[in-house]
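User: I'd like a close look at one part of this protein, the place where nonpolar side chains gather inside and the places where they show at the surface. Could you walk me through it in one go?

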Amino acid sequence: RNWCGFKLFAIWPWSERHQILDDAGKGAIFSPPLTPKEEAFLSRAKTVALVGPGDVWVFSGGQPHTAMCVGDGINICAYESFVPAHEEAMQLLVHSNTKASHWRNCWMDDDDLDELYEDVVDSLQRALRDSNLNPGLRSRLEGCRKVMRECDDSYCKELWDQEDRGQRRRKREESEDCTSSEADAEKGSDNKKLRVDAKSSSPGSV
């Protein structure tokens, strides 16, 4: 959601998921006035939209995208990442970190991706256990679960195998327990270690 100010948002088509990033480079910054080269990059975008105060927009983070503040005022907006209840969205998710679908320099850290899969599996299972769930939504979620079960990702297979055997195990919880134990062991010590988590790249960002 855009809270105040104006922002120019651009998203490139799926067919450009590798080439525009090869040409412009990861983290390319567009700022007015645009150069002819930057204008040429934007001319290849599928959609270019001017976002104003109060506007809400939804887009696929799997496609290359960028945003540029415009005007003289301050711009404040907030982004929320989610996986919609749709089989095609789930297909895109489970093809993260694959050469065909995902630009190599935007790949997530493997552990971060595994923990994301854990969150999605837990959310799916929790929602499907709700006896009052809307039938239409249940059908969509069951379709998403089917996509995850049938994908080739080894950790997805492991997660669903755990679910089937009733032996739930989550990396993120083990990591939290480990971090807590380390913190307890270091209490009272003048030499405290700073734990730095692996940072994930935002899929599709220019």
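Analyst: Happy to. Let's start at a short strand, E5, which covers residues 76–77 and holds Ile 76. Please keep in mind that this is a predicted model. Ile 76 has a relative accessible area of 41%, so Ile 76 is classed as partly exposed. Together with Trp 3 and Ile 74, Ile 76 makes up a nonpolar patch on the surface, and the three share about 340 Å² of accessible area.

Another nonpolar side chain to look at is Leu 50, in strand E3 (residues 47–51). Leu 50 counts as exposed because its relative accessibility is 56%, the cut-off for that class being over 50%. Even so, Leu 50 has partners from elsewhere in the sequence: leaving out residues up to four places away, Leu 50 touches Phe 6, Lys 7, Leu 8, Asp 55 and Val 70. One of these, Leu 8, is 42 residues from Leu 50 in sequence, yet their C-alpha atoms are 4.6 Å apart.

Now for the inside. In soluble globular proteins, nonpolar side chains tend to be buried together. Here the largest nonpolar core has 20 residues, and the members that touch the most others are Met 90, Val 94, Tyr 117, Val 120, Leu 124, Met 148 and Cys 156. Four helices each give two or more residues to this core: H3 (87–94), H4 (110–128), H5 (135–150) and H6 (154–165). Of these, H4 gives the most, with 6 residues.

Met 148 is a good place to centre your view. Setting aside its neighbours within four places in sequence, Met 148 is in contact with Met 90, Val 94, Tyr 117, Val 120, Val 121, Leu 124, Cys 156 and Trp 160. A second core, separate from this one, has 11 residues, including Leu 21, Leu 42, Ala 45 and Cys 106.

Finally, the setting for all this. The chain has 7 helices and 5 strands, arranged along the sequence as β-β-α-α-β-β-β-α-α-α-α-α. Of its 206 residues, 33% count as buried. The chain exposes about 13,000 Å², and carbon and sulfur atoms supply 50% of that area. Among contacts between residues at least 6 apart in sequence, 76% join residues at least 24 apart, and the pair Leu 50 and Leu 8, 42 residues apart in sequence, is one you can find easily in the view.

Methods. Residues numbered from 1 in each chain as written. Predicted model: local features only at pLDDT ≥ 70, side-chain atom pairs only at ≥ 80, totals over all residues. Heavy atoms only, no water. Patch = residues over 30% accessible without salt bridge, like charges linked within 9 Å, V, L, I, M, F, W, Y side chains within 5 Å. Areas by Shrake-Rupley, 256 points an atom, 1.4 Å probe, with all protein chains shown as cover. Salt bridge = Lys/Arg side-chain N within 4 Å of Asp/Glu carboxyl O. Buried < 20%, exposed > 50% of the residue type's maximum accessible area, 1.4 Å probe, protein only. Core = buried A, V, L, I, M, F, W, Y, C linked by side-chain atoms within 4.5 Å. Contact = heavy atoms within 4.5 Å.
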